[in-house]
Amino acid sequence: MFAQLVAFLILAAVAAVEESGPYLVSLLRESVPVRRKGKVVSYKTSYSGTISIGSPPQLVSAVFDTGSGHVVVPASSCTSESCLTHRRYNASASTSSAVINADGSEVNDDEECDQVTIGFGTGEITGELVKERVCLPSSGAVPGSTSGARSLLDRGRHRSGGSALLCADLHVVQAVEMSVQPFQAFKFDGILGLGLSGLALSEEFSFLKWASASGLLGTPRFAFFLAEGEGGEASEIALGGYNAARALEPLTWAHVVRPELGYWQVEVKAVRINGVELDICRAGVCRGVVDTGASHLGVPSPWNEALEKALTVDADTELMDCRLAQAPVLEIEVQGRNLTLRAEDFMRQMPLLSDVQISTPGGIRSDGGSFGTAGDVGGGTARAEEQAFARRPRQRRCRPKLMPVSLPAPLGPLLFILGEPVLHRYYTVFDWAAEKVGFATAATHRNIARQQQQQQQQQQQQQQQ
């Protein structure tokens, strides 16, 4: 009888967590222009939210990144140029901090601690390790949500100063050195990695491992709604489920392949342009990493050159937004659906002069010389640059947001990076227990308008028949 009562109470507690819906965190979209000699040639984008670390809490902004496996924050001892432009975490000012080695053992005051170096695409950090309390503040319920999503204030998990918090004791990397790119260009301070545990130094560094063990998040899922921010449209991450109001259709699921590598990678069955299949995935097994930290669509090199050529179109003198261009339709077939992208999804917003080369093996290039994929970030406004481009007589073109990917096995060589072009179009749900990724057309303003237009066209066709 006692065992049955305990089982009933456990089931009731789990049901209460699930009924309350996912835990929502608002994300700030930041778009940084990439320039060369005063010309905007591309944009890099990040989505970050506020977290607190330590006791008393120290606030920092962090990118929620499915392509990373650690929580990383700049350390107060870091004097790199990139660190000095951001808020830094002071471990000595926290009563809950403990300096540790990579194996989790605490470091005595008279001992040197382990250091780790972690790469982040175009840059890297060197850090020391600390066991610390990390908290996420709630952003509240979503207006008009039909999913039951609500603020953590309704769930009573943890309160501090009147605010609802989701807290975890994690192993954290405090950066003592940070490269200039990509960290200095953006306003976010650190990274909260949401990759599978295989990406982390050990499971104790994995936020998802803690979430699984704690049981506080209800269902073992999180989801991203990423919007371009136009018209005040906000982005969010849902933890412990997903916000059904952010999807225009039921989810379809694709299983993660090679989960031991730590990446949310799914099989890419085929790639098509205007319905015609390319040879790229006929040559071997293609995969795609769903990466919320990527601004572009990554394409295996050298196939990126052919794909860019096929998707590039000329821009007339009146066109100032390439997302409105008439361009081919790109389809990436994964398990359960075709990820269908149009110009409004994959085009760089601003037309580029025809002598600016984008997808060369070394990154963005111009006839005037080479400059890296990160480019030079400087002052000025994108609007002024657009007007300057429009006055030039040389041919302008609309180019897709592609980047070459050259990685050896086991990740490569046929690896796509399913970044922002895919994530703007599709609401994406990550299930770390079943190791699968769900896709549904996102309920963004743009997608809703597109859906309404398609419905009107169908009604007109039916009336004509």
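# Talking through the fold

Biologist: How do β19 and strand β20 (residues 337–341) pair, and over how many bridges?

Modeller: Bear in mind that this is a predicted model. In it, β19 and β20 pair in the antiparallel sense. The number of bridges between β19 and β20 is five.

Biologist: Which residue in the turn of the β19 and β20 hairpin has a positive phi?

Modeller: The hairpin leaves two residues between β19 and β20. One residue in that turn has a phi of about 95 degrees, and that is G336.

Biologist: And which residue of β20 stands opposite L330?

Modeller: Strand β19 covers residues 330–334, and its pairing with β20 is antiparallel. Opposite L330 in β20 stands L341.

Biologist: What is the bridge partner of I273 in β19?

Modeller: Here we move to another partner strand, β14 (residues 265–273). β14 and β19 run antiparallel and are joined by five bridges. In β19, I273 has as its bridge partner L330.

Biologist: How many of the five residues of β19 are buried?

Modeller: β19 has a strand paired with it in β14 and another in β20. The strand is mostly covered, and the number of its residues that are buried is four.

Biologist: Which residues touch the most other members of the largest nonpolar core?

Modeller: That core has 73 residues. L330, the residue opposite L341, is among those with the most contacts to other members. The full set is F64, F222 and L330.

Biologist: Leaving out residues up to four places away in sequence, which tryptophans does F222 touch?

Modeller: F222 touches quite a mix, including T66, L194, I237, G241 and F430. Among its contacts, the tryptophans are W264 and W432.

Biologist: How many residues does the other core, the one with V116 and M178, have?

Modeller: This core lies apart from the one around F222. Among its members are V116, I118, I125 and M178, and its size is 21 residues.

Biologist: On to charges: how many residues apart in sequence are the parts that D431 and R221 tie together?

Modeller: D431 and R221 form a salt bridge, with the closest N and O atoms 2.8 Å apart. D431 lies in strand β28 (residues 426–431) and R221 in strand β11 (residues 221–225), so the bridge ties together parts of the chain whose separation is 210 residues.

Biologist: Is D431 buried or exposed?

Modeller: The cut-off for buried is under 20% relative accessible area. D431 has 5%, whereas its partner R221, at 22%, counts as partly exposed. With its 5%, D431 is therefore buried.

Biologist: Where does R87 lie, and where does D189?

Modeller: R87 and D189 form a salt bridge, the closest N and O atoms being 3.0 Å apart. The pair ties together parts 102 residues apart, because D189 lies in the loop between α3 (180–183) and β10 (190–193), and R87 in the loop between α2 (81–84) and β5 (98–100).

Biologist: Does R87 count as buried or partly exposed?

Modeller: Partly exposed means between 20% and 50% relative accessible area. D189 falls below that range at 3% and counts as buried. R87 has 42% relative accessibility, so R87 counts as partly exposed.

Biologist: Which strand holds R133, the residue linked with D169?

Modeller: The side chains of D169 and R133 meet in a salt bridge of 3.0 Å, N to O. D169 is in strand β9 (residues 163–178), and 36 residues away in sequence R133 sits in strand β7.

Biologist: How many salt bridges does a search of the whole structure find?

Modeller: R87 and D189 form one of them, and D169 and R133 form another. Searching the whole structure gives a total of 22.

Biologist: Which part of helix α5 do its buried residues line?

Modeller: The buried residues of α5 (residues 303–311) are N304, L307, E308 and L311. Seen down the helix axis, they fall within an arc of 100 degrees, so what they line is one face of the helix.

Biologist: Which are the edge strands in the open sheet β18-β25-β21?

Modeller: Three strands form this sheet, and the pairing is antiparallel. β18 and β25 (residues 396–398) pair over three bridges, with V313 partnered by C398. Pairing on one side only marks the edges, β18 (313–315) and β21 (352–353).

Terms used: Residues are numbered from 1 along each chain as its sequence is written. This is a predicted model: local features need pLDDT of at least 70, side-chain atom pairs count only at pLDDT 80 or more; totals for chains, interfaces and linings use all residues. Side-chain values use heavy atoms; hydrogens and water are left out. A nonpolar core is a set of buried Ala, Val, Leu, Ile, Met, Phe, Trp, Tyr and Cys residues joined through side-chain atoms within 4.5 Å. Buried means under 20% relative accessible area, exposed over 50%, partly exposed in between (1.4 Å probe, protein chains only). Contact means heavy atoms within 4.5 Å. A salt bridge is a side-chain nitrogen of Lys or Arg within 4 Å of a carboxyl oxygen of Asp or Glu. Two strands pair if DSSP finds at least two bridges between them. The arc is that of the directions from the helix axis to the C-beta atoms.
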